[in-house]
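Trainee: Could you take me through one part of this model closely, beginning with a single side chain and working outward to the helix that carries it and to what surrounds that helix?

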Amino acid sequence: MKEVIMFPIIDKRKTGINIRRIMDMRGLTVKDVQEYLELGSVQSIYHWINGISMPTIDNLYALSDLFHVPIDLLVCGNRKPLTLCDNAHNEINERVYEYYERIKNGRAA
């Protein structure tokens, strides 16, 4: 039987829900995000949250920095989701994540 390869598709509605969830977890308001991204109004952010549109790649990049998560954890679609701590490789992921944190904070040896 031939394997079917699906083209990755972004789900705008689920991505918007995810952005809102992360904002809530971080205690950020729409106004906070607007100011961080230096947007003229909050309308774009509401469009993202409501699944009407998607942030541009540069805004996704900035949001990942603001939220402290990789872009792949912001965007929802039909491919297998990225997880930082897959149970099968938990110890390795923890070590990689710890090293990532050290690099980010300028403490890597």
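Mentor: Let us begin with the side chain of N18, which reaches the backbone oxygen of L73 at 2.7 Å. Before going further, please keep in mind that this is a predicted model, and that the distances and angles I quote are computed from it. N18 sits in helix α1, which covers residues 12–26, and L73 falls within the range of α5 (71–74). When neighbours within four places in sequence are left aside, N18 is in contact with L73, L74 and C76. With a relative accessible area of 7%, N18 is buried, because the cut-off for that class is under 20%.

Now widen the view to the helix itself. Helix α1 has 15 residues and spans 21 Å from its first C-alpha to its last, close to the 21 Å expected at 1.5 Å a residue. N18 is one of its buried residues, which are T15, G16, N18, I19, I22 and M23. These residues cover an arc of only 160° around the axis, and therefore lie on the same side of α1. As for what that side meets, the buried residues of α1 pack against α2, α3, α4 and α5.

The two ends of α1 also deserve a look. At its start, a side-chain oxygen of D11 comes to within 3.1 Å of the backbone nitrogen of R13, while after the helix comes G27, whose phi is positive, near 70°.

Among the partners of α1, helix α4 (residues 57–67) can be described in a similar way, its buried residues being N59, L60, A62, L63, S64, L66 and F67. These buried residues pack in turn against α1, α2 (30–37), α3 (43–49) and α5. What follows α4 is H68, with a positive phi near 60°, a value found here in a residue other than glycine. H68 is placed in the loop between α4 and α5, and at 52% relative accessibility it counts as exposed, because the cut-off for that class is over 50%. A second residue of this kind is E38, which has a positive phi of about 55° although it is not a glycine; E38 belongs to the loop between α2 and α3 and is exposed, with a relative accessible area of 71%.

Set against the whole chain, these helices belong to a protein with six helices and zero strands, and the order of elements from the N terminus on is α-α-α-α-α-α. Of the 109 residues in the chain, 25% are buried. Among contacts with a separation of 6 or more, 53% join residues 24 or more positions apart. The accessible surface of the chain comes to about 8,300 Å², and carbon and sulfur atoms account for 56% of it.

Finally, a word on confidence, which should accompany any reading of these details. The chain averages a pLDDT of 84, and 76% of the residues score at least 70. Among its elements, α2 has the highest mean pLDDT (98), whereas helix α6 (residues 90–104) has the lowest (69). Over residues 84–88 the pLDDT is below 50, and in the model this stretch has six contacts beyond near neighbours in sequence.

Terms used. Residues numbered from 1 in each chain as written. Predicted model: local features only at pLDDT ≥ 70, side-chain atom pairs only at ≥ 80, totals over all residues. Heavy atoms only, no water. Helix = DSSP H or I, 4+ residues; strand = E, 2+ residues; numbered from the N terminus. Buried < 20%, exposed > 50% of the residue type's maximum accessible area, 1.4 Å probe, protein only. Polar contact = N/O pair within 3.5 Å; in protein donor to acceptor, adjacent residues only side chain to side chain. Contact = heavy atoms within 4.5 Å. Expected span 1.5 Å × (residues − 1). Arc of directions from axis to C-beta. pLDDT = per-residue confidence, 0-100. Areas by Shrake-Rupley, 256 points an atom, 1.4 Å probe, with all protein chains shown as cover.
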